[in-house]
Amino acid sequence: MVKERPALFYTCALVIGVLLYSKWPFIAGFLDLLTIAVATVVVVSAICCFVIKAGLRNASITVAMMVSGMLCGAVLCAVHDRIDIGPGNEWKTNITKGAAAVREKVADIYMANGLEGDELAVVAAMTLGDKRHIDRNLRNEYSKAGVAHVLALSGTHLAILYFIFMLVAGRGSVAARFVVVGTIWGYVVIVGMPVSAVRAAIMLSMFTLADVMRRGYDRMDVLVTTVAVMILIEPRVVLDVGFQLSVMSVGAIVVICPLLNGLLPYDFHKRHHRLSKIWGMVSVGIAAQIGTAPLVAYYFGTLPCWFVISNLVAVPLTTVLLYGAVAIVALWPLPLLQLWAVKAVGFVAWVMNVVLGYIANLPFAAIEGVRLSVLQVVICYIMTAALLKIITYIQIKT
């Protein structure tokens with residue numbers, strides 16, 4: 001496994017280094033930080049060169065790589081803490097204020113056209129990242145239904161918007177693709193740059209660049225590169241719960257979905273296209289739930305049971321809702337049509353709330369009171385990785 005994906009393990013080492021420094025910051029105070037940074041770069045460069053030649057056949061190389069990665073992660077976090085940015089950040093303040101003004105303007109459009117209550121809360125959260133209108137009951141219902149992620153801007157939302165913009169711009173032009181990517185980044189800035197959305201925007205940018213260059217790419221490598229870039233920019237992002245859930249969800253989808261799709265024979269996928277698509281949606285939900293379940297139990301103490309059904313409802317309705325949100329913005333010169341678009345989006349949000357509320361109140365909707373320790377979370381992920389390895393081996397043999 002290490003031999004196949006050295007970048008993955010080195011990025012994991014970076015994360016561990018940041019976590020260790022966050023827990024015990026004195027570990028970077030024994031030596032001068034600049035000396036450690038220079039030494040780390042030299043060591044990492046030498047190890048990378050040696051790893052390429054040796055192919056990670058030697059266990060000591062793996063250990064050295066992991067140690068250097070943890071050291072580099074601790075140093076990055078320590079250096080970031082000691083950097084004094086100082087004055088000259090007015091442009092950031094202006095961008096933040098401008099983004100907030102845009103969000104308020106769009107929210108005013110929603111409310112001026114009659115959107116209110118839980119429907120306003122859901123639409124504002126999904127399109128603007130504004131969760132001020134979400135009350136505890138609505139949040140609990142979405143959490144028990146296993147679709148709390150749709151209330152936070154994430155890869156699902158950006159992927160849907162990316163697809164919509166690509167339909168409008170067209171896939172043939174290289175310039176159009178970069179315009180779409182720029183539009184996505186502009187949207188991420190407007191909604192306040194939540195870490196899950198930033199992660200998704202970086203990945204979409206890499207996918208687009210690889211597509212334009214006609215280069216093949218591995219989704220796990222793209223995810224690992226994205227995580228490494230975000231750690232370099234802000235090491236403490238690994239402590240963010242949304243970042244952890246977002247990364248583990250995408251990683252699980254990349255790894256587990258092919259295994260779940262492989263459970264059905266090739267003839268079934270070929271003959272039953274619609275059922276195959278439904279199974280694809282189910283497999284995505286199962287994979288994401290497996291990847292995030294230990295973290296959800298650790299942070300929130302609950303595990304949803306009807307998440308498969310909930311995702312079959314939430315994902316299509318979220319797609320329709322985002323299509324409608326784009327139409328609302330596009331129809332600003334036509335108030336009457338914009339009014340009907342807001343009404344339609346409100347109706348979709350109402351249907352989603354009613355159905356998910358019903359699912360959340362079904363018997364055994366969620367397992368409450370599950371509290372895992374950090375060690376238990378680590379053990380859960382180790383056991384999951386071992387089980388996936390066994391399933392992969394069995395599928396290859398059969």
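**A briefing on cores, a loop and a helix pair**

In the largest nonpolar core, which has 39 residues, those touching the most other members are Leu158, Tyr162, Ile184, Val188, Leu223 and Phe243. Keep in mind as you look around that this is a predicted model. Let's start with the cores and then visit one loop residue and a pair of helices.

**The nonpolar cores**
- Helices H1, H3, H7, H8, H9, H10 and H11 each give two or more residues to this largest core.
- H9 (195-212) gives the most, with eight residues.
- Another core lies apart from this one; it has 33 residues, including Leu115, Tyr142, Leu151 and Ala325.

**Val188 and its neighbour Met193**
- Leaving aside residues up to four places away in sequence, Val188 touches Leu158, Met193, Pro194, Ala197, Val198 and Ala201.
- One of these, Met193, sits in the loop between H8 and H9.
- Is Met193 buried or exposed? Neither label fits, because its relative accessibility is 42%, and so Met193 counts as partly exposed.
- The phi of Met193 is near 55°, a positive value in a residue other than glycine. Most residues other than glycine have a negative phi.

**How H13 meets H14**
- Helix H13 (residues 273-300) packs against helix H14 (residues 307-330) at about 115°, and their axes are 9 Å apart.
- The crossing of H13 past H14 is right-handed.
- On the H13 side, the contact is made by Ile278, Met281, Val282, Gly285, Ile286 and Gln289.
- H14 brings Phe307, Val308, Asn311, Leu312, Val315 and Pro316 to the contact.
- Nine of the residues in this contact are nonpolar, three are polar and none is charged.

Notes: Residues numbered from 1 in each chain as written. Predicted model: local features only at pLDDT ≥ 70, side-chain atom pairs only at ≥ 80, totals over all residues. Heavy atoms only, no water. Axes fitted to C-alpha atoms, helices over the stretch in contact; angles between N-to-C directions. Helix = DSSP H or I, 4+ residues; strand = E, 2+ residues; numbered from the N terminus. Left-handed = near helix turned anticlockwise from the far one by under 90°. Contact = heavy atoms within 4.5 Å. Nonpolar A, V, L, I, M, F, W, Y, C, P; charged D, E, K, R; others polar. Core = buried A, V, L, I, M, F, W, Y, C linked by side-chain atoms within 4.5 Å. Buried < 20%, exposed > 50% of the residue type's maximum accessible area, 1.4 Å probe, protein only.
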